[in-house]
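Subject: Structure for you to look through

Dear colleague,

Please find the structure below, together with some notes that I hope you will read slowly alongside it.

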Amino acid sequence: MSDEKFDIPEQFASPTVPALLSEDSTLKFKCYKGISCFNACCKHADVTLAPYDVIRLQRRLGMNSEEFLKAHTVPFQMDADGVPGIKMRTDDEGTCLFLDGENGCGVYEDRPTVCRYYPVALLNMREKDTYEAKRQFSLVKEAHCRGHEEPREITLRDYRKEQGVEEYDELNQAWYELILKKKSGGHGVGKPNDMSLQLFFMASFNFDMLRRFVMSDSFQATYDLPAETYAEVADDDIALMKLGNKLMRQALFGEKAIPEKSGAWEKRVEQRKEIWEARAKAEIEAKNAKNEEQMREDTTGGDCSTN
(Lines give C-alpha, C1' and ligand atoms only; values in the text may rest on other atoms or scores of the structure.)
Protein backbone atom coordinates (compact mmCIF):
# COMPACT_ATOMS: atom_id res chain seq x y z
CA MET A 1 0.00 0.00 0.00
CA SER A 2 1.19 3.54 -0.70
CA ASP A 3 2.72 5.51 2.17
CA GLU A 4 1.05 8.75 0.99
CA LYS A 5 -1.03 10.53 3.62
CA PHE A 6 -4.69 11.23 2.88
CA ASP A 7 -7.71 12.87 4.45
CA ILE A 8 -10.97 10.93 4.03
CA PRO A 9 -14.31 12.74 4.53
CA GLU A 10 -16.08 11.03 7.43
CA GLN A 11 -19.32 10.42 5.54
CA PHE A 12 -17.46 8.42 2.91
CA ALA A 13 -14.98 6.67 5.21
CA SER A 14 -14.99 3.22 6.74
CA PRO A 15 -14.76 2.87 10.56
CA THR A 16 -11.33 1.35 9.95
CA VAL A 17 -9.02 2.57 7.22
CA PRO A 18 -9.14 -0.16 4.55
CA ALA A 19 -6.36 -1.48 2.40
CA LEU A 20 -6.31 0.67 -0.71
CA LEU A 21 -6.73 -0.78 -4.18
CA SER A 22 -5.52 0.57 -7.49
CA GLU A 23 -7.15 0.34 -10.90
CA ASP A 24 -4.72 -2.48 -11.69
CA SER A 25 -5.98 -4.54 -8.73
CA THR A 26 -7.85 -7.72 -9.62
CA LEU A 27 -11.33 -8.41 -8.21
CA LYS A 28 -12.86 -11.84 -7.86
CA PHE A 29 -16.53 -10.95 -8.10
CA LYS A 30 -19.66 -11.35 -10.18
CA CYS A 31 -23.28 -10.36 -9.53
CA TYR A 32 -26.10 -11.61 -11.74
CA LYS A 33 -29.79 -12.46 -11.68
CA GLY A 34 -30.02 -15.96 -10.29
CA ILE A 35 -27.20 -15.75 -7.75
CA SER A 36 -28.48 -16.82 -4.33
CA CYS A 37 -28.00 -13.37 -2.77
CA PHE A 38 -29.55 -11.42 -5.66
CA ASN A 39 -31.08 -8.15 -4.36
CA ALA A 40 -29.75 -8.68 -0.81
CA CYS A 41 -27.63 -5.51 -0.95
CA CYS A 42 -30.70 -3.55 -2.07
CA LYS A 43 -32.48 -4.69 1.09
CA HIS A 44 -29.78 -3.07 3.24
CA ALA A 45 -29.50 0.19 1.31
CA ASP A 46 -27.44 3.06 2.70
CA VAL A 47 -26.76 5.13 -0.39
CA THR A 48 -25.34 8.66 -0.25
CA LEU A 49 -26.14 10.64 -3.40
CA ALA A 50 -23.88 13.02 -5.31
CA PRO A 51 -25.20 15.75 -7.64
CA TYR A 52 -24.97 13.81 -10.91
CA ASP A 53 -26.82 10.90 -9.27
CA VAL A 54 -29.73 13.27 -8.65
CA ILE A 55 -29.74 14.55 -12.22
CA ARG A 56 -29.82 11.04 -13.68
CA LEU A 57 -32.53 9.76 -11.35
CA GLN A 58 -34.90 12.70 -11.68
CA ARG A 59 -34.56 12.53 -15.47
CA ARG A 60 -35.31 8.81 -15.35
CA LEU A 61 -38.39 9.33 -13.22
CA GLY A 62 -39.64 12.39 -15.11
CA MET A 63 -39.72 14.40 -11.88
CA ASN A 64 -38.62 17.92 -11.08
CA SER A 65 -36.08 18.41 -8.30
CA GLU A 66 -38.57 19.20 -5.55
CA GLU A 67 -40.67 16.14 -6.37
CA PHE A 68 -37.66 13.84 -6.47
CA LEU A 69 -36.09 15.14 -3.26
CA LYS A 70 -39.36 14.82 -1.35
CA ALA A 71 -40.27 11.34 -2.61
CA HIS A 72 -36.91 9.59 -2.80
CA THR A 73 -34.37 11.17 -0.45
CA VAL A 74 -33.74 11.92 3.21
CA PRO A 75 -31.40 14.70 4.39
CA PHE A 76 -28.47 14.26 6.74
CA GLN A 77 -25.58 16.37 7.97
CA MET A 78 -22.22 15.55 6.40
CA ASP A 79 -20.16 17.24 9.10
CA ALA A 80 -20.37 18.99 12.48
CA ASP A 81 -21.05 22.33 10.77
CA GLY A 82 -24.29 21.04 9.28
CA VAL A 83 -23.23 20.83 5.62
CA PRO A 84 -26.25 19.05 4.09
CA GLY A 85 -26.21 15.81 2.18
CA ILE A 86 -28.90 13.39 1.05
CA LYS A 87 -29.35 9.63 1.10
CA MET A 88 -31.73 7.43 -0.84
CA ARG A 89 -35.02 6.89 0.95
CA THR A 90 -35.82 3.29 1.92
CA ASP A 91 -38.85 1.54 3.36
CA ASP A 92 -39.11 0.79 7.10
CA GLU A 93 -37.02 -2.37 6.68
CA GLY A 94 -34.21 -0.54 4.88
CA THR A 95 -35.07 -1.76 1.37
CA CYS A 96 -34.42 0.57 -1.56
CA LEU A 97 -37.65 1.97 -2.99
CA PHE A 98 -36.42 1.22 -6.51
CA LEU A 99 -36.14 -2.51 -5.94
CA ASP A 100 -38.53 -4.17 -8.39
CA GLY A 101 -39.05 -7.52 -6.71
CA GLU A 102 -37.09 -10.36 -8.26
CA ASN A 103 -36.44 -8.23 -11.34
CA GLY A 104 -33.81 -6.29 -9.42
CA CYS A 105 -33.13 -2.58 -9.70
CA GLY A 106 -35.96 -0.65 -11.35
CA VAL A 107 -33.64 2.21 -12.39
CA TYR A 108 -30.60 0.10 -13.24
CA GLU A 109 -29.40 2.18 -16.20
CA ASP A 110 -29.46 5.30 -14.01
CA ARG A 111 -28.47 3.78 -10.65
CA PRO A 112 -26.34 5.93 -8.31
CA THR A 113 -22.55 5.90 -8.07
CA VAL A 114 -22.48 3.89 -4.83
CA CYS A 115 -24.58 1.14 -6.39
CA ARG A 116 -22.46 1.02 -9.54
CA TYR A 117 -19.24 0.58 -7.59
CA TYR A 118 -20.45 -2.16 -5.24
CA PRO A 119 -18.61 -4.17 -3.88
CA VAL A 120 -15.92 -1.53 -4.34
CA ALA A 121 -15.92 1.55 -2.12
CA LEU A 122 -14.88 4.80 -3.80
CA LEU A 123 -12.73 6.86 -1.43
CA ASN A 124 -12.23 10.41 -2.61
CA MET A 125 -9.22 11.48 -0.63
CA ARG A 126 -6.64 14.21 -0.83
CA GLU A 127 -2.90 14.20 -0.50
CA LYS A 128 -1.60 16.43 2.27
CA ASP A 129 -1.22 20.10 1.34
CA THR A 130 -3.54 19.80 -1.68
CA TYR A 131 -7.30 20.10 -2.21
CA GLU A 132 -7.39 17.92 -5.30
CA ALA A 133 -9.51 14.81 -4.92
CA LYS A 134 -7.58 11.62 -5.60
CA ARG A 135 -9.60 8.48 -6.22
CA GLN A 136 -8.72 5.49 -4.12
CA PHE A 137 -10.66 2.28 -3.74
CA SER A 138 -11.25 -0.50 -1.24
CA LEU A 139 -13.11 -3.81 -1.33
CA VAL A 140 -16.31 -4.25 0.67
CA LYS A 141 -17.15 -7.76 1.86
CA GLU A 142 -20.53 -8.25 3.52
CA ALA A 143 -21.78 -11.51 4.98
CA HIS A 144 -24.82 -11.72 2.69
CA CYS A 145 -22.87 -11.28 -0.56
CA ARG A 146 -22.00 -14.43 -2.53
CA GLY A 147 -20.58 -12.57 -5.51
CA HIS A 148 -17.07 -12.90 -4.06
CA GLU A 149 -17.37 -16.70 -4.40
CA GLU A 150 -17.82 -16.51 -8.17
CA PRO A 151 -14.79 -17.57 -10.25
CA ARG A 152 -14.69 -14.50 -12.52
CA GLU A 153 -11.67 -12.20 -12.17
CA ILE A 154 -11.60 -8.64 -13.50
CA THR A 155 -9.33 -5.66 -12.99
CA LEU A 156 -10.78 -2.70 -11.16
CA ARG A 157 -10.14 -0.58 -14.25
CA ASP A 158 -12.29 -2.89 -16.38
CA TYR A 159 -14.91 -3.19 -13.63
CA ARG A 160 -15.28 0.61 -13.56
CA LYS A 161 -15.83 0.62 -17.32
CA GLU A 162 -18.28 -2.28 -17.11
CA GLN A 163 -20.35 -0.51 -14.44
CA GLY A 164 -20.29 2.88 -16.17
CA VAL A 165 -18.83 4.83 -13.27
CA GLU A 166 -16.30 6.87 -15.24
CA GLU A 167 -18.88 9.42 -16.38
CA TYR A 168 -20.24 9.72 -12.84
CA ASP A 169 -16.79 10.21 -11.31
CA GLU A 170 -15.82 12.85 -13.85
CA LEU A 171 -18.98 14.90 -13.34
CA ASN A 172 -18.99 14.59 -9.54
CA GLN A 173 -15.27 15.31 -9.14
CA ALA A 174 -15.61 19.05 -8.50
CA TRP A 175 -18.25 18.41 -5.81
CA TYR A 176 -16.06 15.82 -4.07
CA GLU A 177 -13.25 18.39 -4.01
CA LEU A 178 -15.58 20.94 -2.39
CA ILE A 179 -16.32 18.52 0.42
CA LEU A 180 -12.64 17.67 0.87
CA LYS A 181 -11.67 21.33 0.99
CA LYS A 182 -14.40 22.09 3.52
CA LYS A 183 -13.27 19.23 5.78
CA SER A 184 -9.56 19.80 5.36
CA GLY A 185 -9.75 23.55 5.86
CA GLY A 186 -10.86 23.09 9.48
CA HIS A 187 -11.23 26.28 11.49
CA GLY A 188 -9.55 28.23 8.69
CA VAL A 189 -12.67 27.84 6.57
CA GLY A 190 -15.03 28.57 9.42
CA LYS A 191 -18.60 27.46 9.97
CA PRO A 192 -20.84 28.42 7.04
CA ASN A 193 -23.80 30.65 7.85
CA ASP A 194 -27.35 29.46 7.24
CA MET A 195 -27.58 31.19 3.88
CA SER A 196 -24.40 29.48 2.66
CA LEU A 197 -25.71 26.08 3.78
CA GLN A 198 -28.99 26.68 1.97
CA LEU A 199 -27.11 27.67 -1.18
CA PHE A 200 -24.96 24.51 -0.88
CA PHE A 201 -28.06 22.31 -0.75
CA MET A 202 -29.71 24.13 -3.65
CA ALA A 203 -26.60 24.03 -5.85
CA SER A 204 -25.87 20.38 -5.02
CA PHE A 205 -29.32 18.83 -5.31
CA ASN A 206 -32.21 21.19 -6.11
CA PHE A 207 -31.43 22.04 -9.71
CA ASP A 208 -34.81 23.52 -10.59
CA MET A 209 -34.49 26.03 -7.78
CA LEU A 210 -30.87 26.70 -8.80
CA ARG A 211 -31.97 27.37 -12.37
CA ARG A 212 -34.62 29.87 -11.21
CA PHE A 213 -32.01 31.58 -9.04
CA VAL A 214 -29.42 31.81 -11.82
CA MET A 215 -31.93 33.04 -14.39
CA SER A 216 -33.33 35.72 -12.06
CA ASP A 217 -32.87 39.42 -12.82
CA SER A 218 -31.03 40.01 -9.54
CA PHE A 219 -28.45 37.28 -10.28
CA GLN A 220 -27.84 38.53 -13.81
CA ALA A 221 -27.51 42.09 -12.53
CA THR A 222 -24.81 40.94 -10.14
CA TYR A 223 -22.66 38.49 -12.07
CA ASP A 224 -20.76 39.18 -15.27
CA LEU A 225 -21.49 36.13 -17.39
CA PRO A 226 -21.96 36.01 -21.18
CA ALA A 227 -25.38 35.52 -22.68
CA GLU A 228 -24.22 32.16 -24.02
CA THR A 229 -23.76 30.89 -20.47
CA TYR A 230 -27.32 31.77 -19.49
CA ALA A 231 -28.65 30.17 -22.68
CA GLU A 232 -26.72 27.00 -21.87
CA VAL A 233 -27.75 26.66 -18.22
CA ALA A 234 -31.38 27.36 -19.14
CA ASP A 235 -31.55 23.94 -20.84
CA ASP A 236 -28.47 21.94 -19.83
CA ASP A 237 -28.47 20.35 -16.36
CA ILE A 238 -24.75 19.49 -16.53
CA ALA A 239 -23.78 23.09 -17.34
CA LEU A 240 -26.04 24.25 -14.52
CA MET A 241 -24.42 21.80 -12.09
CA LYS A 242 -20.95 23.08 -13.01
CA LEU A 243 -22.02 26.68 -12.46
CA GLY A 244 -23.49 25.60 -9.12
CA ASN A 245 -20.09 24.21 -8.10
CA LYS A 246 -18.55 27.63 -8.75
CA LEU A 247 -21.27 29.30 -6.69
CA MET A 248 -20.53 26.98 -3.77
CA ARG A 249 -16.83 27.81 -3.93
CA GLN A 250 -17.75 31.47 -3.78
CA ALA A 251 -20.14 31.00 -0.85
CA LEU A 252 -18.06 28.61 1.25
CA PHE A 253 -14.52 29.79 0.59
CA GLY A 254 -14.84 33.33 -0.71
CA GLU A 255 -13.28 32.38 -4.04
CA LYS A 256 -14.04 34.69 -6.96
CA ALA A 257 -15.14 31.77 -9.09
CA ILE A 258 -17.77 33.84 -10.93
CA PRO A 259 -16.89 37.41 -11.95
CA GLU A 260 -19.12 40.17 -10.60
CA LYS A 261 -20.18 43.21 -12.56
CA SER A 262 -18.42 46.43 -11.65
CA GLY A 263 -20.18 48.18 -8.78
CA ALA A 264 -22.57 45.27 -8.22
CA TRP A 265 -21.68 44.91 -4.53
CA GLU A 266 -22.07 48.63 -3.86
CA LYS A 267 -25.44 48.62 -5.64
CA ARG A 268 -26.67 45.67 -3.54
CA VAL A 269 -25.56 47.42 -0.37
CA GLU A 270 -27.40 50.60 -1.35
CA GLN A 271 -30.56 48.67 -2.25
CA ARG A 272 -30.54 46.87 1.07
CA LYS A 273 -29.47 49.81 3.19
CA GLU A 274 -33.03 50.89 3.88
CA ILE A 275 -33.99 47.33 4.83
CA TRP A 276 -31.03 47.00 7.18
CA GLU A 277 -31.81 50.40 8.76
CA ALA A 278 -35.48 49.47 9.21
CA ARG A 279 -34.52 46.17 10.85
CA ALA A 280 -32.04 47.89 13.14
CA LYS A 281 -34.67 50.47 14.13
CA ALA A 282 -37.23 47.74 14.84
CA GLU A 283 -34.72 45.83 16.96
CA ILE A 284 -33.88 48.95 18.97
CA GLU A 285 -37.55 49.76 19.53
CA ALA A 286 -38.26 46.20 20.62
CA LYS A 287 -35.31 46.28 23.02
CA ASN A 288 -36.40 49.63 24.47
CA ALA A 289 -39.93 48.35 24.94
CA LYS A 290 -38.62 45.28 26.75
CA ASN A 291 -36.42 47.43 28.98
CA GLU A 292 -39.34 49.72 29.83
CA GLU A 293 -41.51 46.72 30.70
CA GLN A 294 -38.77 45.35 32.94
CA MET A 295 -38.41 48.72 34.68
CA ARG A 296 -42.17 48.86 35.39
CA GLU A 297 -42.07 45.37 36.84
CA ASP A 298 -39.08 46.26 39.02
CA THR A 299 -40.84 49.44 40.23
CA THR A 300 -44.21 47.88 41.00
CA GLY A 301 -43.00 44.46 42.04
CA GLY A 302 -44.82 42.95 39.10
CA ASP A 303 -48.26 44.15 40.34
CA CYS A 304 -49.63 46.99 38.27
CA SER A 305 -53.22 46.67 39.60
CA THR A 306 -54.93 49.52 41.47
CA ASN A 307 -57.53 49.43 44.21
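Proline 119 lies in the loop between helix H3 (113–117) and strand S5 (120–127), where helices (H or I, at least four residues) and strands (E, at least two) are DSSP runs, numbered from the N terminus. The peptide bond that leads into proline 119 from tyrosine 118 is cis, with omega near 10 degrees.

Before going further, please keep in mind that this is a predicted model, in which local features need pLDDT of at least 70 and side-chain atom pairs count only at pLDDT 80 or more, while totals for chains, interfaces and linings use all residues. Residues are numbered from 1 along each chain as its sequence is written, and side-chain values use heavy atoms, with hydrogens and water left out.

Another backbone feature is found at asparagine 39, in the loop between strand S2 (26–28) and H1, where phi is near 80 degrees, a positive value in a residue other than glycine. With 5% relative accessibility, asparagine 39 counts as buried; buried means under 20% relative accessible area, exposed over 50%, and partly exposed in between (1.4 Å probe, protein chains only).

Helix H2 (residues 65–72) has Ser65, Phe68, Leu69 and His72 buried. These residues cover an arc of only 105 degrees around the axis, which puts them on the same side of H2, the arc being that of the directions from the helix axis to the C-beta atoms. In general, an α-helix has 3.6 residues a turn, so residues three or four places apart point the same way. Among the elements that cover the buried residues of H2 are helix H1 (51–61) and strand S3 (73–77), with contact meaning heavy atoms within 4.5 Å.

Which residues form a network of salt bridges? They are Glu23, Asp24, Arg135, Arg157, Arg160 and Asp169, a salt bridge being a side-chain nitrogen of Lys or Arg within 4 Å of a carboxyl oxygen of Asp or Glu. Within this network, glutamate 23 pairs with arginine 160, and their closest N and O atoms are 2.6 Å apart. Glutamate 23 lies in the loop between strand S1 (6–7) and S2, and arginine 160 in helix H4 (residues 156–163), so the pair ties together parts that are 137 residues apart in sequence. Arginine 160 counts as buried at 5% relative accessibility, whereas glutamate 23, at 25%, is partly exposed. A further salt bridge joins arginine 157 to aspartate 24, with the closest N and O atoms 2.5 Å apart, and aspartate 24 counts as exposed at 55% relative accessibility. A search of the whole structure finds 20 salt bridges.

The structure also holds ten aromatic pairs, in which rings of Phe, Tyr and Trp (its six-membered ring) have centres within 6.5 Å, with planes under 30 degrees apart counted as stacked, over 60 as edge-to-face and the rest as tilted. The rings of tryptophan 175 and tyrosine 176 have centres 6.0 Å apart and planes at 55 degrees, so this pair is tilted. Tryptophan 175 is buried at 1% relative accessibility, and ring pairs link it with Tyr176, Phe200, Phe201 and Phe205 into a cluster. Tryptophan 175 is also one of the residues in contact with asparagine 245, once the neighbours of asparagine 245 within four places in sequence are left aside; asparagine 245 is found in helix H10 (residues 237–253) and is itself buried, with a relative accessible area of 8%.

With best wishes,
A colleague
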